[in-house]
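Subject: Structure for you to look at

Hello,

Please find the sequence and the structure below. My notes on the structure come after them.

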Amino acid sequence: MRLSKMLFVTLRDDPADAEIPSHKLLVRAGYIRRIGSGVYAYLPLMWRVLQKVSQIVREEMNATGAMECLLPQIQPAELWKESGRWDTYTKAEGIMFSLTDRREQQLALGPTHEEVITTVARDTIRSYRQLPVHLYQIQTKFRDEIRPRFGLMRGREFIMKDGYSFHADEESLKETYQHMYQAYSNMLRRCGLEFRPVEADSGAIGGSGSTEFMVLAEAGEDEVLYTEDGKYAANVEKAISSAPDAEPSSFSNYEKVETPKTETIEKLCKTLECSPTQVVKNVLYQAVYDNGTIVLVLVNIRGDQDVNEVKLYNELTKLASTYKANAVLALEVPSPEAQEKWAAKSLPLGYIAPDIGDDYINSSKEIHSKFLRFVDKTAVDLKNFVTGANESGFHVVGANWGEQFKLPDLVVDIRTAKIGDRACHDSAQTLKSARGIEVGHIFQLGSKYSEAMGATYTTEQGKDKPLVMGCYGVGVSRMAQAAVEQSYDKDGIIWPLAIAPYHAIVTIPNIKDAQQVEVAEKLYQELNQAGIETLLDDRNERAGAKFKDADLIGIPYRIVTGRAIKDGKVEVVERKSSDSYEIVIDEVVSTLKLKMDEL
């Protein structure tokens, strides 16, 4: 492709709405253009990158025996209501675009396709003889992000590979899951990315085990906690660890003490001259289920620890049936306005005790009459601890479970793991932290969707059983931008060779020099004929501007038909290393092929 014939516009300045390097560079280098909030046009250079990423993904999926298909982007609401996710996606998370057609039927633009593919399986899979089945697609998805940002990282329209497998049993599912783990690792390696697979929370997709594939980058939205021995890595939402040991309590007798203006742990510990590890703090939450029921939740946790709200959300989801509900729509610390709706009397905020009475709740049809009480494992073994007294300005010291306070029945791990915590698998290992960009996620869904939607198969013994299901997603457009976020410098993008839009760019410093033009045209033709995808910068621009553009767009090799051609040579510049050397013109093709084969 000749740049003079291509839609190619670069920008000198960073776009005002771009926050991270990769977003700035993709816009400046002419790869993408913003059309609306979270909506981008993929321009020719970007489309070539996306096609290459897609092809790598397609090849690795096909190698596992998965079959490509294409599913509808418009999905009937009835399918999502069957699975129980309509309210979760339209109200709780609110990320699904929903609409009503001219017949007043509710529809959605697909953010994901579990419901659609389960419908296909329900209608087509009859017997165990047909299993396992693994289908995938590469398609545009839509999600109504509350705050689209970072370009293609968190957009409202994006390209994704999503795959779904159906099995007769968990053993077969786990086998495919391991194949996908390997296939995803292969995809990322082939794309030239440094990555880390981590244990992850399954979120609204559901299921048991899941693994995220994180491209390591400082601007990553996710925090990964890992151990240096390579035996543990998890998203902070999922991570577990052993908390530091609690200090022995300095209180031996139970008593109520005046502690004015100590609404925070820091102020309390300063007043009482105690360690936060000696404190049981009591955190109040308000959960709203999808049937409208409001449940007040009290979490007892050690004073130096924080509640992991994702873990808490998951515990509340497990208890949904207790409240005749399917899902949690909202979880938050209740605001003063929210408290007015259910508090029968003023709450002693900052001084709440583990045994705060249910009479604080003004119960109604929507509001459950009792507190749901959890205790985190970090608080269970504390002796002679400090906690609130249910009276503003007062705490109690020297308290114990089983004496002054009843230990809640629901003992859970809902603390947030932190850097420096001891690893559960080896206490000699401590957790380290890295930032990551999630580009892939694989799930063991089990029978969640097949049971909800009646997708069954007939066993060899003639019995009907629900299909066992797996789900596997890769963000194609996100992966492309993640590559930029991981590899750039002050001059621009540095594409990995495998997904670069072109392998080489031949730059003519002076298009009025007939010899420079002749040599450039010759190399341009020969390189492309040899399978080295090559751009020709034949624009009537200054040489310096052309060199800057070549660096900005990140093409791996720049070939300059400059002064060296009088000696029968051209200059070759490697974008990644900035190494520059002269090569005999007739040896350019063979030299580049050799270098590319080595990568």
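The notes go from the whole chain to single regions and then to pairs of side chains.

Overall picture

Please keep in mind that this is a predicted model. The chain has 599 residues, and 53% of them count as buried. Its secondary structure comprises 15 helices and 31 strands. Taken along the principal axes, the box filled by the C-alpha atoms is roughly 95 × 65 × 50 Å.

The start of the chain

Leu7 sits in the segment before helix H1, which spans 21-28. Leu7 is exposed, at a relative accessible area of 56%. Together with Val9 and Leu11, Leu7 makes a nonpolar surface patch of about 260 Å².

Helix H1 itself holds His23. With a relative accessibility of 2%, His23 counts as buried, since the cut-off for that class is under 20%. From His23 to Arg102 the C-alpha distance is 39 Å, and 79 residues separate the two in sequence.

Arg28 is another residue of helix H1, while Asp14 belongs to the segment before H1. Their side chains form a salt bridge, with 4.0 Å from N to O. Because the two residues are 14 apart in sequence, the pair ties the helix to the segment that precedes H1. Arg28 is buried, at 18% relative accessible area, whereas Asp14 is partly exposed at 43%.

The annotated region and a three-stranded sheet

The UniProt record, an unreviewed entry, carries the annotation "domain: HTH cro/C1-type" for residues 252-279. In the model, this stretch is 29% helix and 14% strand. The C-alpha atoms at the two ends of residues 252-279 are 14 Å apart.

Strand S13 (255-258) is part of an open sheet of 3 strands, in the order S13-S19-S18 with antiparallel pairing. Which strands stand at the edges? They are S13 and S18 (385-388), and each has a single partner strand, so one side of each has no neighbour in the sheet. On average, neighbouring strands of this sheet are turned by 30° against each other, direction ignored. S18 pairs with S19 (residues 394-399) over 3 bridges, in the antiparallel sense. One residue pair to look up there is Gly388, whose bridge partner in S19 is His395.

Salt bridges

Over the whole structure, the search returned 40 salt bridges. As background, side chains of opposite charge can pair when their charged atoms come close. Two further pairs involve the loop between H9 and S17.

The side chains of Lys345 and Asp359 meet at 3.3 Å, N to O, in a salt bridge. Both residues lie in the loop between helix H9 (336-342) and strand S17 (372-376), so the pair ties together parts of that loop that are 14 residues apart in sequence. Lys345 is partly exposed, at 38% relative accessibility. Asp359 is also in the partly exposed class, at 48%.

The side chains of Arg373 and Asp358 form a salt bridge as well, at 3.1 Å from N to O. Arg373 is in strand S17 and Asp358 in the loop between H9 and S17, and this link spans 15 residues. Arg373 is partly exposed, with a relative accessible area of 21%; Asp358 is partly exposed too, at 26%. Elsewhere, Asp489, Asp551, Arg558 and Arg575 are joined into one network by salt bridges that share partners.

A hairpin later in the chain

Strand S30 (residues 569-574) and strand S31 (residues 580-584) run antiparallel and are joined by 5 bridges. Val570 has Ile583 as its bridge partner in S31. What is the sign of phi at Ser578, in the hairpin of S30 and S31? The phi of Ser578 is positive, near 65°. This hairpin has 5 residues between its strands.

Where to start

If you want a short route through the model, begin with the Arg28 and Asp14 pair, then go to the sheet of S13, S19 and S18, and finish with the hairpin of S30 and S31.

Regards

Notes: Residues are numbered from 1 along each chain as its sequence is written. This is a predicted model: local features need pLDDT of at least 70, side-chain atom pairs count only at pLDDT 80 or more; totals for chains, interfaces and linings use all residues. Side-chain values use heavy atoms; hydrogens and water are left out. Patches are made of residues with over 30% relative accessible area and no salt bridge: like charges are joined within 9 Å, nonpolar side chains (Val, Leu, Ile, Met, Phe, Trp, Tyr) within 5 Å. Accessible areas come from the Shrake-Rupley method with a 1.4 Å probe; for residues, only the protein chains shown count as cover. Helices (H or I, at least four residues) and strands (E, at least two) are DSSP runs, numbered from the N terminus. Buried means under 20% relative accessible area, exposed over 50%, partly exposed in between (1.4 Å probe, protein chains only). Two strands pair if DSSP finds at least two bridges between them. Axes are lines fitted to C-alpha atoms, for helices over the stretch in contact, and angles run from 0 to 180 degrees between N-to-C directions. UniProt positions are given in the numbering used here, feature names are shortened, and annotations may be inferred rather than shown by experiment.
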